[in-house]
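Q: I am new to this structure and would like a close look at its salt bridges. Could you walk me through them?

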Amino acid sequence: MTATAERSRVLSALDLVRDPELDEPITTLGFVSSCHVSAAGDVVVRLRLPTYFCAPNFAFLMVADAYDVLAALPEVRSVDVTLEDHFAADQINAGVAARAGFVAAFDGEAADELDDLRRTFVSKAMLAGTDQVCRPLVASGTDPVELTRLTLGDVPPSADLDRLRRRRAELGLRSDDGAPLLVDPGTGAPIAAAGAPKYLGLARLTQTGIEANTGICRGMLRHRYAGAGAGESEEGPG
């Protein structure tokens, strides 16, 4: 495999790593400042974030996830993922390199690992994804109450629907064609007809918040760094 093809393969793997709050790949967000792959299979990736004080728990998740997806690639001999220009970079980088976990990396400062935090943001992403799928249906005349009677298989195929299925699967919720379209992100229980307007309103609010935060982060990153990131584009695989 050529060096260009190998680098492309590495960047494709990094497409799977998402900012937990924004639910977008770190590549398309511009968070990958550089990516180098040697002929021997040594991968060196440098990450950057919109501000010096971005939340360290979010940063740790992204650095750790990047390490994991790259280490899992065949023919990769070594992986070096480093976060730069961040107040907690030393702790995060050392913790990820040692595979020590968040609590060990922030000894005396962190009480818990980040599994619950990750699930919280996947739940929000699922709600936002439900809005993306349902909004066109409502705009075309489908009554919100009718949505409670639909399944995922009743919805026209789309990239948004595929993304919603993936988020539901991450939460351990049904994502097959027979699964109800509107479900509680915590329990997977179907939403009753009476609760549809409130549920859809929450889903819309969640999606609006993610869109706003994404725009802010993109703007701050462009202000902080002049160049585009490795693998950066307008849209990612989600």
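A: Let's begin with the term itself: a salt bridge here is a side-chain nitrogen of Lys or Arg within 4 Å of a carboxyl oxygen of Asp or Glu. Please keep in mind that this is a predicted model. With that meaning in hand, Arg-46 and Asp-80 form a salt bridge, and their closest N and O atoms are 3.3 Å apart. This pair ties together distant parts of the chain, as Arg-46 belongs to strand β4 and Asp-80 to strand β5, 34 residues apart. Arg-46 is buried because its relative accessible area is 19%, and buried means under 20%. Asp-80, with 30%, is partly exposed.

It helps to see where β4 sits. Strand β3 (residues 32-37) pairs with strand β4 (residues 42-47) in the antiparallel sense, over five bridges. One residue of this pairing is Cys-35, whose bridge partner in β4 is Val-45. Four residues lie between the strands of this hairpin, where Gly-41 takes a positive phi near 95°.

Now follow the chain on from β5. In the loop between β5 and α3 (89-97) you will find Asp-85, which has a positive phi of about 55° although it is not a glycine. For comparison, most residues other than glycine have a negative phi. Asp-85 counts as partly exposed, at 42% relative accessibility.

A search of the whole structure finds 17 salt bridges, so let's visit another part of the chain. Glu-24 forms a salt bridge with Arg-163, with 3.2 Å between the closest N and O atoms. Here too the pair links distant parts of the chain: Glu-24 is in strand β2 (residues 24-25), while Arg-163 is in helix α7, 139 residues apart. Both partners are buried, Glu-24 at 16% relative accessibility and Arg-163 at 14%.

Helix α7 (residues 159-170) also holds Glu-170. Arg-167 forms a salt bridge with Glu-170, again with the closest N and O atoms 3.2 Å apart. Because these two residues are three apart in helix α7, about one helical turn separates them. Arg-167 is buried, with a relative accessible area of 1%, whereas Glu-170 is partly exposed at 41%. Salt bridges that share partners bring Arg-18, Asp-23, Glu-24, Arg-163, Arg-167 and Glu-170 into one network. From Glu-170 you can also look along the chain to Leu-181: the two are 11 residues apart, and their C-alpha atoms are separated by 16 Å.

Technical notes. Residues numbered from 1 in each chain as written. Predicted model: local features only at pLDDT ≥ 70, side-chain atom pairs only at ≥ 80, totals over all residues. Heavy atoms only, no water. Pairing = 2+ DSSP bridges. Buried < 20%, exposed > 50% of the residue type's maximum accessible area, 1.4 Å probe, protein only.
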